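Open the model in your viewer and keep the selection tool at hand. We start with the whole chain and then zoom in.

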Amino acid sequence: LSMVIADTSHQITTRHLRMRLGYWIDPRTVVEGFADWLDNGSSLANPTNPAANDSVQRLYAADFGTAAYGITAGRVFDAGVLRVTGSHAAWERALDPRGNLAYRERAGGSRTDFASEWTHAAPGSPRVRLEGEWTTQQNALWTRGATEMTAASQNARADLQRLVLLAHPEAGPLALALRGDGARRARPDGVQEWLGGGDADARLALPLGFHLEGLTGWNREGAPEERLFRWQPALGYYPNPDLKPRTHTRVGGGGGWSGRHLGAGATWEHHTFRDTWLPRILPEPGVCFVLPDPETYPGETAGCTGFENLADSLALAHVNYARETRELLHVTGHAALGNWRLDLRHTYLLAGSVRDPRLGFAGINWQVPENVFAGRLLWKRRVLEGRLGLQTQWDWEWFSERRVFAADMDGTSRVVPLDEYLALDFTARMEIRTFLLYFRAMNLYHDRYATEPGVHPPGVNFRFGVDWRLRN
(Lines give C-alpha, C1' and ligand atoms only; values in the text may rest on other atoms or scores of the structure.)
Protein backbone atom coordinates (compact mmCIF):
# COMPACT_ATOMS: atom_id res chain seq x y z
CA LEU A 1 0.00 0.00 0.00
CA SER A 2 1.49 3.35 -0.97
CA MET A 3 0.33 6.92 -1.33
CA VAL A 4 2.15 9.87 -2.88
CA ILE A 5 1.38 13.47 -1.97
CA ALA A 6 2.83 16.23 -4.13
CA ASP A 7 3.62 19.74 -3.00
CA THR A 8 0.83 22.17 -3.93
CA SER A 9 2.84 25.40 -3.93
CA HIS A 10 2.52 25.47 -7.72
CA GLN A 11 -1.11 24.28 -7.65
CA ILE A 12 -0.11 20.72 -8.48
CA THR A 13 -1.73 17.76 -6.76
CA THR A 14 -0.98 14.07 -7.18
CA ARG A 15 -2.59 11.17 -5.37
CA HIS A 16 -1.55 7.59 -5.95
CA LEU A 17 -2.92 4.51 -4.20
CA ARG A 18 -1.42 1.09 -4.97
CA MET A 19 -2.49 -2.24 -3.49
CA ARG A 20 -1.08 -5.75 -3.89
CA LEU A 21 -2.34 -9.00 -2.37
CA GLY A 22 -0.70 -12.35 -3.05
CA TYR A 23 -1.43 -15.91 -2.03
CA TRP A 24 0.82 -18.98 -2.28
CA ILE A 25 -1.28 -21.92 -3.46
CA ASP A 26 1.65 -24.28 -2.99
CA PRO A 27 5.43 -23.87 -2.69
CA ARG A 28 5.69 -23.45 -6.48
CA THR A 29 2.52 -21.51 -7.36
CA VAL A 30 1.52 -17.97 -6.44
CA VAL A 31 -1.43 -15.76 -7.38
CA GLU A 32 -1.49 -11.98 -6.89
CA GLY A 33 -4.20 -9.38 -7.36
CA PHE A 34 -3.31 -5.73 -7.83
CA ALA A 35 -5.01 -2.36 -8.20
CA ASP A 36 -3.76 1.18 -8.84
CA TRP A 37 -5.52 4.52 -8.65
CA LEU A 38 -3.85 7.74 -9.81
CA ASP A 39 -5.11 11.30 -10.06
CA ASN A 40 -2.93 14.18 -11.18
CA GLY A 41 -3.92 17.78 -11.77
CA SER A 42 -2.32 21.18 -12.26
CA SER A 43 -3.43 24.69 -13.16
CA LEU A 44 0.16 25.77 -13.93
CA ALA A 45 -0.82 29.31 -12.99
CA ASN A 46 2.70 30.09 -11.79
CA PRO A 47 4.61 26.91 -12.54
CA THR A 48 8.27 27.83 -12.25
CA ASN A 49 10.90 30.35 -11.33
CA PRO A 50 10.01 33.71 -13.00
CA ALA A 51 13.63 34.80 -12.70
CA ALA A 52 14.73 32.06 -15.12
CA ASN A 53 12.38 32.40 -18.07
CA ASP A 54 12.95 30.22 -21.09
CA SER A 55 12.33 31.31 -24.66
CA VAL A 56 8.71 30.22 -24.94
CA GLN A 57 5.91 29.31 -22.55
CA ARG A 58 2.94 27.23 -23.65
CA LEU A 59 1.12 26.71 -20.37
CA TYR A 60 -2.19 24.95 -19.92
CA ALA A 61 -4.31 23.44 -17.20
CA ALA A 62 -4.21 19.65 -17.26
CA ASP A 63 -5.81 16.75 -15.41
CA PHE A 64 -5.21 13.03 -15.80
CA GLY A 65 -6.69 10.14 -13.89
CA THR A 66 -6.61 6.37 -14.21
CA ALA A 67 -7.80 3.29 -12.36
CA ALA A 68 -6.29 -0.12 -13.09
CA TYR A 69 -6.73 -3.61 -11.71
CA GLY A 70 -5.63 -7.10 -12.63
CA ILE A 71 -4.36 -10.48 -11.58
CA THR A 72 -1.16 -12.39 -12.20
CA ALA A 73 -0.25 -16.00 -11.58
CA GLY A 74 3.13 -17.70 -11.63
CA ARG A 75 4.46 -21.22 -11.28
CA VAL A 76 7.99 -22.60 -11.03
CA PHE A 77 8.76 -25.77 -12.99
CA ASP A 78 11.95 -27.79 -13.09
CA ALA A 79 12.79 -26.32 -16.51
CA GLY A 80 11.72 -22.73 -15.93
CA VAL A 81 9.10 -20.25 -14.77
CA LEU A 82 5.64 -19.48 -16.24
CA ARG A 83 3.77 -16.24 -15.57
CA VAL A 84 0.35 -15.14 -16.85
CA THR A 85 -1.13 -11.65 -16.32
CA GLY A 86 -4.42 -9.96 -17.15
CA SER A 87 -5.25 -6.30 -16.45
CA HIS A 88 -7.74 -3.59 -17.30
CA ALA A 89 -7.36 0.18 -16.97
CA ALA A 90 -9.65 3.13 -17.60
CA TRP A 91 -8.33 6.68 -18.00
CA GLU A 92 -9.53 10.23 -18.47
CA ARG A 93 -7.66 13.39 -19.42
CA ALA A 94 -8.59 17.04 -19.71
CA LEU A 95 -6.59 19.89 -21.26
CA ASP A 96 -7.48 23.56 -21.27
CA PRO A 97 -4.78 25.38 -23.26
CA ARG A 98 -4.85 28.99 -22.12
CA GLY A 99 -8.62 28.92 -21.82
CA ASN A 100 -9.08 28.69 -25.61
CA LEU A 101 -12.34 26.80 -26.17
CA ALA A 102 -11.30 25.66 -29.65
CA TYR A 103 -8.33 23.79 -28.17
CA ARG A 104 -10.01 22.38 -25.07
CA GLU A 105 -9.81 18.60 -24.90
CA ARG A 106 -11.83 16.05 -22.96
CA ALA A 107 -11.00 12.42 -23.63
CA GLY A 108 -11.26 9.02 -22.05
CA GLY A 109 -10.63 5.42 -22.87
CA SER A 110 -9.63 1.99 -21.63
CA ARG A 111 -6.88 -0.56 -22.13
CA THR A 112 -7.03 -4.32 -21.60
CA ASP A 113 -3.87 -6.44 -21.54
CA PHE A 114 -3.27 -10.17 -21.52
CA ALA A 115 0.35 -11.31 -21.30
CA SER A 116 2.22 -14.55 -20.72
CA GLU A 117 5.89 -15.20 -20.14
CA TRP A 118 7.95 -18.38 -20.09
CA THR A 119 11.54 -18.27 -18.83
CA HIS A 120 13.60 -21.35 -19.62
CA ALA A 121 16.37 -21.69 -17.05
CA ALA A 122 17.35 -25.35 -17.02
CA PRO A 123 20.85 -26.05 -15.62
CA GLY A 124 23.54 -26.08 -18.29
CA SER A 125 21.45 -24.34 -20.96
CA PRO A 126 21.27 -20.63 -21.91
CA ARG A 127 18.56 -18.51 -20.33
CA VAL A 128 15.71 -18.00 -22.82
CA ARG A 129 12.48 -16.05 -22.35
CA LEU A 130 9.38 -16.13 -24.56
CA GLU A 131 6.80 -13.37 -24.10
CA GLY A 132 3.34 -13.00 -25.61
CA GLU A 133 1.05 -9.97 -25.42
CA TRP A 134 -2.47 -9.09 -26.55
CA THR A 135 -3.58 -5.50 -25.98
CA THR A 136 -6.92 -3.89 -26.78
CA GLN A 137 -7.49 -0.14 -26.48
CA GLN A 138 -10.71 1.83 -26.60
CA ASN A 139 -9.56 5.41 -27.07
CA ALA A 140 -10.84 8.85 -27.92
CA LEU A 141 -8.83 9.43 -31.09
CA TRP A 142 -9.13 12.09 -33.75
CA THR A 143 -10.16 10.75 -37.15
CA ARG A 144 -8.82 11.39 -40.65
CA GLY A 145 -8.87 15.05 -41.66
CA ALA A 146 -9.63 16.25 -38.15
CA THR A 147 -9.81 19.96 -37.43
CA GLU A 148 -10.52 21.90 -34.28
CA MET A 149 -14.26 21.44 -34.88
CA THR A 150 -14.13 17.66 -35.33
CA ALA A 151 -15.41 15.58 -32.44
CA ALA A 152 -13.39 12.69 -31.07
CA SER A 153 -14.51 9.11 -31.53
CA GLN A 154 -14.97 7.32 -28.23
CA ASN A 155 -15.22 3.89 -29.88
CA ALA A 156 -11.99 3.87 -31.88
CA ARG A 157 -10.43 0.48 -31.13
CA ALA A 158 -6.78 -0.50 -31.51
CA ASP A 159 -5.40 -4.05 -31.11
CA LEU A 160 -1.83 -5.27 -30.77
CA GLN A 161 -0.53 -8.84 -30.68
CA ARG A 162 3.18 -9.24 -30.02
CA LEU A 163 5.55 -12.20 -29.58
CA VAL A 164 9.07 -11.63 -28.18
CA LEU A 165 11.97 -14.08 -27.87
CA LEU A 166 14.95 -13.20 -25.64
CA ALA A 167 18.10 -15.27 -25.23
CA HIS A 168 21.30 -14.77 -23.22
CA PRO A 169 23.81 -17.45 -24.31
CA GLU A 170 27.34 -17.44 -22.93
CA ALA A 171 30.51 -19.11 -24.17
CA GLY A 172 33.47 -18.56 -21.88
CA PRO A 173 34.29 -14.82 -21.84
CA LEU A 174 31.68 -14.04 -24.55
CA ALA A 175 28.16 -13.08 -23.47
CA LEU A 176 25.33 -12.37 -25.91
CA ALA A 177 21.98 -10.64 -25.50
CA LEU A 178 19.63 -11.53 -28.38
CA ARG A 179 16.10 -10.27 -29.00
CA GLY A 180 13.62 -10.96 -31.77
CA ASP A 181 9.98 -9.92 -31.94
CA GLY A 182 7.03 -9.76 -34.30
CA ALA A 183 3.77 -7.85 -33.91
CA ARG A 184 0.47 -7.30 -35.65
CA ARG A 185 -1.03 -3.88 -35.09
CA ALA A 186 -4.66 -3.08 -35.98
CA ARG A 187 -5.03 0.70 -35.96
CA PRO A 188 -8.28 2.49 -35.01
CA ASP A 189 -8.85 3.42 -38.67
CA GLY A 190 -8.80 -0.21 -39.81
CA VAL A 191 -5.23 -0.24 -41.18
CA GLN A 192 -3.16 -3.29 -40.26
CA GLU A 193 0.61 -3.10 -39.82
CA TRP A 194 3.20 -5.85 -39.34
CA LEU A 195 6.03 -4.72 -37.09
CA GLY A 196 9.03 -6.24 -35.39
CA GLY A 197 12.72 -6.93 -35.80
CA GLY A 198 15.70 -8.00 -33.76
CA ASP A 199 18.76 -6.86 -31.82
CA ALA A 200 22.04 -8.50 -30.91
CA ASP A 201 24.48 -7.19 -28.30
CA ALA A 202 27.79 -8.88 -27.50
CA ARG A 203 30.29 -8.37 -24.67
CA LEU A 204 33.74 -9.95 -24.58
CA ALA A 205 35.53 -10.01 -21.25
CA LEU A 206 39.31 -9.48 -21.44
CA PRO A 207 42.05 -9.81 -18.82
CA LEU A 208 42.70 -7.09 -16.23
CA GLY A 209 39.08 -5.90 -16.19
CA PHE A 210 38.89 -4.76 -19.83
CA HIS A 211 36.00 -5.60 -22.15
CA LEU A 212 34.83 -5.06 -25.74
CA GLU A 213 31.23 -4.48 -26.87
CA GLY A 214 29.40 -4.76 -30.17
CA LEU A 215 25.79 -4.13 -31.12
CA THR A 216 23.52 -4.32 -34.13
CA GLY A 217 19.79 -4.33 -34.79
CA TRP A 218 16.97 -3.81 -37.27
CA ASN A 219 13.40 -2.94 -36.31
CA ARG A 220 10.21 -1.88 -38.08
CA GLU A 221 8.27 0.57 -35.91
CA GLY A 222 4.75 1.97 -36.19
CA ALA A 223 3.98 5.66 -35.82
CA PRO A 224 2.56 6.74 -32.43
CA GLU A 225 -1.22 7.08 -32.34
CA GLU A 226 -0.88 10.73 -31.31
CA ARG A 227 0.98 11.47 -34.56
CA LEU A 228 -1.55 9.53 -36.59
CA PHE A 229 -4.83 10.83 -35.18
CA ARG A 230 -4.55 13.40 -32.40
CA TRP A 231 -5.25 17.07 -33.04
CA GLN A 232 -3.79 19.18 -30.22
CA PRO A 233 -1.50 22.00 -31.46
CA ALA A 234 -0.80 23.06 -27.86
CA LEU A 235 1.24 19.85 -27.54
CA GLY A 236 2.57 19.89 -31.11
CA TYR A 237 0.13 17.29 -32.51
CA TYR A 238 -1.52 17.55 -35.93
CA PRO A 239 -2.94 14.32 -37.40
CA ASN A 240 -1.62 12.50 -40.46
CA PRO A 241 -3.12 8.98 -40.76
CA ASP A 242 -1.01 8.38 -43.89
CA LEU A 243 2.23 7.95 -41.91
CA LYS A 244 3.89 4.64 -42.79
CA PRO A 245 5.99 2.54 -40.40
CA ARG A 246 9.69 3.36 -40.30
CA THR A 247 12.72 1.08 -40.10
CA HIS A 248 15.50 1.67 -37.60
CA THR A 249 18.94 0.13 -38.15
CA ARG A 250 21.74 0.47 -35.63
CA VAL A 251 25.35 -0.69 -35.47
CA GLY A 252 28.05 0.17 -32.99
CA GLY A 253 30.88 -0.91 -30.82
CA GLY A 254 33.08 0.13 -27.96
CA GLY A 255 34.96 -0.99 -24.92
CA GLY A 256 35.90 -0.14 -21.40
CA TRP A 257 37.63 -1.05 -18.20
CA SER A 258 36.15 -1.78 -14.79
CA GLY A 259 38.03 -2.22 -11.53
CA ARG A 260 37.02 -2.54 -7.91
CA HIS A 261 36.56 1.18 -7.38
CA LEU A 262 36.77 2.79 -10.82
CA GLY A 263 35.52 2.16 -14.33
CA ALA A 264 35.22 3.90 -17.70
CA GLY A 265 33.97 3.12 -21.18
CA ALA A 266 33.02 4.53 -24.57
CA THR A 267 30.61 3.33 -27.26
CA TRP A 268 30.06 4.59 -30.81
CA GLU A 269 26.67 4.06 -32.50
CA HIS A 270 25.36 4.72 -36.00
CA HIS A 271 21.57 4.91 -36.43
CA THR A 272 19.72 4.94 -39.75
CA PHE A 273 15.99 5.70 -39.92
CA ARG A 274 14.19 5.06 -43.21
CA ASP A 275 10.71 6.49 -43.80
CA THR A 276 11.19 8.37 -40.54
CA TRP A 277 8.62 10.83 -39.16
CA LEU A 278 9.51 14.53 -39.15
CA PRO A 279 7.61 17.82 -39.57
CA ARG A 280 6.63 18.62 -43.15
CA ILE A 281 8.90 21.68 -42.91
CA LEU A 282 12.01 21.17 -40.76
CA PRO A 283 12.22 23.59 -37.78
CA GLU A 284 15.47 25.29 -38.75
CA PRO A 285 16.33 28.87 -37.73
CA GLY A 286 15.12 31.42 -40.30
CA VAL A 287 12.90 28.89 -42.06
CA CYS A 288 10.62 31.59 -43.47
CA PHE A 289 13.57 33.14 -45.32
CA VAL A 290 14.70 29.88 -46.96
CA LEU A 291 11.26 28.36 -47.65
CA PRO A 292 10.51 30.59 -50.69
CA ASP A 293 13.72 29.39 -52.36
CA PRO A 294 12.57 26.82 -54.97
CA GLU A 295 15.83 24.91 -54.56
CA THR A 296 15.25 24.38 -50.83
CA TYR A 297 11.84 22.69 -50.85
CA PRO A 298 11.20 21.82 -54.53
CA GLY A 299 7.50 21.58 -55.25
CA GLU A 300 6.44 23.15 -51.93
CA THR A 301 4.05 25.98 -52.80
CA ALA A 302 2.90 26.95 -49.31
CA GLY A 303 4.72 29.72 -47.49
CA CYS A 304 4.84 31.59 -44.22
CA THR A 305 2.29 33.86 -42.65
CA GLY A 306 4.14 37.05 -41.84
CA PHE A 307 7.84 36.79 -41.06
CA GLU A 308 8.01 33.67 -38.90
CA ASN A 309 4.71 31.75 -38.79
CA LEU A 310 3.68 28.67 -40.77
CA ALA A 311 0.32 26.95 -40.91
CA ASP A 312 -0.02 24.12 -38.38
CA SER A 313 -0.46 21.68 -41.27
CA LEU A 314 3.10 22.55 -42.38
CA ALA A 315 4.81 22.89 -39.03
CA LEU A 316 3.15 20.29 -36.80
CA ALA A 317 1.95 17.56 -39.15
CA HIS A 318 4.60 14.87 -39.62
CA VAL A 319 5.34 13.15 -42.93
CA ASN A 320 7.65 10.31 -43.93
CA TYR A 321 11.20 11.30 -44.87
CA ALA A 322 13.32 8.92 -46.91
CA ARG A 323 16.35 8.76 -44.60
CA GLU A 324 17.79 10.17 -41.40
CA THR A 325 21.15 9.26 -39.91
CA ARG A 326 22.70 9.93 -36.49
CA GLU A 327 26.13 9.16 -35.10
CA LEU A 328 26.37 9.08 -31.32
CA LEU A 329 29.21 8.72 -28.83
CA HIS A 330 28.45 7.55 -25.29
CA VAL A 331 31.12 8.07 -22.63
CA THR A 332 30.53 6.44 -19.25
CA GLY A 333 32.34 6.27 -15.95
CA HIS A 334 31.79 5.18 -12.38
CA ALA A 335 33.53 5.39 -9.04
CA ALA A 336 32.68 3.42 -5.89
CA LEU A 337 34.07 3.76 -2.38
CA GLY A 338 32.46 2.25 0.70
CA ASN A 339 28.76 3.12 0.71
CA TRP A 340 29.14 5.69 -2.09
CA ARG A 341 28.81 5.24 -5.86
CA LEU A 342 29.01 7.82 -8.66
CA ASP A 343 27.77 7.01 -12.20
CA LEU A 344 28.20 9.31 -15.22
CA ARG A 345 26.93 8.98 -18.79
CA HIS A 346 27.56 11.60 -21.46
CA THR A 347 26.05 11.37 -24.95
CA TYR A 348 27.34 13.42 -27.88
CA LEU A 349 25.68 13.82 -31.29
CA LEU A 350 28.68 13.60 -33.61
CA ALA A 351 26.79 13.97 -36.90
CA GLY A 352 23.28 13.85 -38.28
CA SER A 353 21.50 14.47 -41.56
CA VAL A 354 18.05 14.23 -43.15
CA ARG A 355 17.58 13.39 -46.84
CA ASP A 356 14.43 13.21 -48.93
CA PRO A 357 13.38 13.92 -52.54
CA ARG A 358 11.28 16.77 -51.14
CA LEU A 359 14.47 18.53 -49.99
CA GLY A 360 16.96 20.30 -52.17
CA PHE A 361 19.59 20.03 -49.45
CA ALA A 362 20.86 17.74 -46.68
CA GLY A 363 18.67 18.78 -43.77
CA ILE A 364 19.28 18.68 -40.04
CA ASN A 365 16.92 17.36 -37.38
CA TRP A 366 17.09 20.33 -35.03
CA GLN A 367 14.80 18.56 -32.56
CA VAL A 368 17.64 16.30 -31.35
CA PRO A 369 19.96 17.76 -28.64
CA GLU A 370 23.67 17.72 -29.42
CA ASN A 371 24.66 16.84 -25.84
CA VAL A 372 23.00 15.03 -22.95
CA PHE A 373 24.88 14.69 -19.66
CA ALA A 374 23.43 12.46 -16.94
CA GLY A 375 24.64 11.17 -13.61
CA ARG A 376 23.78 9.73 -10.21
CA LEU A 377 25.44 9.98 -6.80
CA LEU A 378 24.22 7.21 -4.51
CA TRP A 379 24.79 6.43 -0.83
CA LYS A 380 23.19 3.45 0.89
CA ARG A 381 23.75 1.53 4.09
CA ARG A 382 22.03 -0.97 6.35
CA VAL A 383 22.32 -0.56 10.15
CA LEU A 384 20.89 -2.16 13.28
CA GLU A 385 21.91 -5.61 12.11
CA GLY A 386 20.27 -5.08 8.75
CA ARG A 387 16.85 -4.12 10.09
CA LEU A 388 17.09 -0.48 8.98
CA GLY A 389 18.02 0.50 5.43
CA LEU A 390 19.06 4.04 4.51
CA GLN A 391 19.60 5.48 1.03
CA THR A 392 20.09 8.90 -0.53
CA GLN A 393 20.72 9.74 -4.16
CA TRP A 394 21.16 12.71 -6.45
CA ASP A 395 20.09 12.38 -10.09
CA TRP A 396 20.73 14.94 -12.81
CA GLU A 397 20.29 15.37 -16.56
CA TRP A 398 21.49 18.28 -18.69
CA PHE A 399 20.15 18.76 -22.23
CA SER A 400 21.55 21.18 -24.78
CA GLU A 401 19.37 23.52 -26.82
CA ARG A 402 17.00 22.24 -29.53
CA ARG A 403 14.71 23.84 -32.12
CA VAL A 404 11.04 22.92 -32.46
CA PHE A 405 7.75 24.30 -33.76
CA ALA A 406 5.40 25.73 -31.13
CA ALA A 407 1.78 26.65 -31.85
CA ASP A 408 0.59 30.23 -31.39
CA MET A 409 -2.94 28.88 -30.91
CA ASP A 410 -4.29 30.71 -33.95
CA GLY A 411 -3.77 28.05 -36.61
CA THR A 412 -0.07 28.87 -37.08
CA SER A 413 3.22 27.84 -35.47
CA ARG A 414 6.74 29.23 -35.35
CA VAL A 415 10.25 27.95 -34.72
CA VAL A 416 11.35 28.44 -31.11
CA PRO A 417 14.34 27.19 -29.12
CA LEU A 418 13.90 24.75 -26.28
CA ASP A 419 16.62 26.16 -24.08
CA GLU A 420 19.29 24.08 -22.43
CA TYR A 421 18.25 22.94 -18.98
CA LEU A 422 19.36 21.01 -15.93
CA ALA A 423 16.95 18.68 -14.13
CA LEU A 424 18.28 17.96 -10.64
CA ASP A 425 16.46 15.60 -8.25
CA PHE A 426 17.14 14.38 -4.72
CA THR A 427 15.69 11.23 -3.14
CA ALA A 428 15.94 9.84 0.40
CA ARG A 429 14.59 6.45 1.52
CA MET A 430 14.32 4.68 4.85
CA GLU A 431 13.29 1.03 5.06
CA ILE A 432 12.00 -0.20 8.44
CA ARG A 433 10.80 -3.78 8.42
CA THR A 434 7.82 -3.74 6.01
CA PHE A 435 7.65 0.08 5.77
CA LEU A 436 9.43 2.18 3.15
CA LEU A 437 9.43 5.91 3.84
CA TYR A 438 10.63 8.17 1.05
CA PHE A 439 11.05 11.84 0.23
CA ARG A 440 11.83 13.31 -3.17
CA ALA A 441 12.68 16.87 -4.19
CA MET A 442 12.40 17.42 -7.94
CA ASN A 443 13.91 20.20 -10.07
CA LEU A 444 16.01 21.48 -7.18
CA TYR A 445 17.79 23.80 -9.59
CA HIS A 446 14.38 25.50 -9.95
CA ASP A 447 14.94 25.83 -13.67
CA ARG A 448 12.21 26.94 -16.05
CA TYR A 449 12.32 24.72 -19.09
CA ALA A 450 10.33 22.72 -21.65
CA THR A 451 10.98 19.05 -22.40
CA GLU A 452 8.72 19.13 -25.46
CA PRO A 453 6.59 21.85 -27.09
CA GLY A 454 3.89 22.70 -24.57
CA VAL A 455 5.26 20.41 -21.84
CA HIS A 456 6.67 22.42 -18.93
CA PRO A 457 7.51 20.58 -15.70
CA PRO A 458 6.93 22.54 -12.49
CA GLY A 459 9.61 24.32 -10.53
CA VAL A 460 11.06 22.85 -7.38
CA ASN A 461 8.46 20.49 -5.89
CA PHE A 462 8.41 17.86 -3.20
CA ARG A 463 6.93 14.38 -2.94
CA PHE A 464 6.79 12.12 0.08
CA GLY A 465 4.98 8.93 0.94
CA VAL A 466 4.98 5.54 2.57
CA ASP A 467 5.04 2.07 1.07
CA TRP A 468 3.68 -0.57 3.43
CA ARG A 469 4.15 -4.20 2.47
CA LEU A 470 1.99 -6.77 4.19
CA ARG A 471 3.49 -10.26 4.23
CA ASN A 472 2.16 -13.40 5.85
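Begin with contacts across the chain. Among those with a separation of 6 or more, 60% link residues 24 or more positions apart. This is a predicted model.

Keep everything selected and colour by secondary structure. Three helices and 24 strands come up. Switch to burial: 40% of the 472 residues count as buried. Now draw the surface. About 25,000 Å² is exposed, with carbon and sulfur atoms supplying 59% of that area.

Next, select β15, β21 and β20. They form an open sheet in that order, with antiparallel pairing. β15 (309-311) and β20 are the edge strands, each pairing on one side only. Look at the twist: neighbouring strands of this sheet are turned by 40 degrees against each other on average, direction ignored.

Narrow the selection to residues 402-407, strand β20. Is this strand mostly covered or mostly open? Mostly covered: five of its six residues are buried.

Add residues 412-418, strand β21. How many bridges join β20 to β21? Six, and the two strands run antiparallel.

Pick out two of the partners. V404 has V416 as its bridge partner in β21. A406 has R414 there. While side chains are shown, recall that in a regular strand they alternate between the two faces of the sheet.

Last stop: the turn of this hairpin. Four residues lie between β20 and β21. Select M409 and check its backbone: phi is positive, near 65 degrees.

Methods: Residues are numbered from 1 along each chain as its sequence is written. This is a predicted model: local features need pLDDT of at least 70, side-chain atom pairs count only at pLDDT 80 or more; totals for chains, interfaces and linings use all residues. Side-chain values use heavy atoms; hydrogens and water are left out. Buried means under 20% relative accessible area, exposed over 50%, partly exposed in between (1.4 Å probe, protein chains only). Two strands pair if DSSP finds at least two bridges between them. Contact means heavy atoms within 4.5 Å. Accessible areas come from the Shrake-Rupley method with a 1.4 Å probe; for residues, only the protein chains shown count as cover. Axes are lines fitted to C-alpha atoms, for helices over the stretch in contact, and angles run from 0 to 180 degrees between N-to-C directions.
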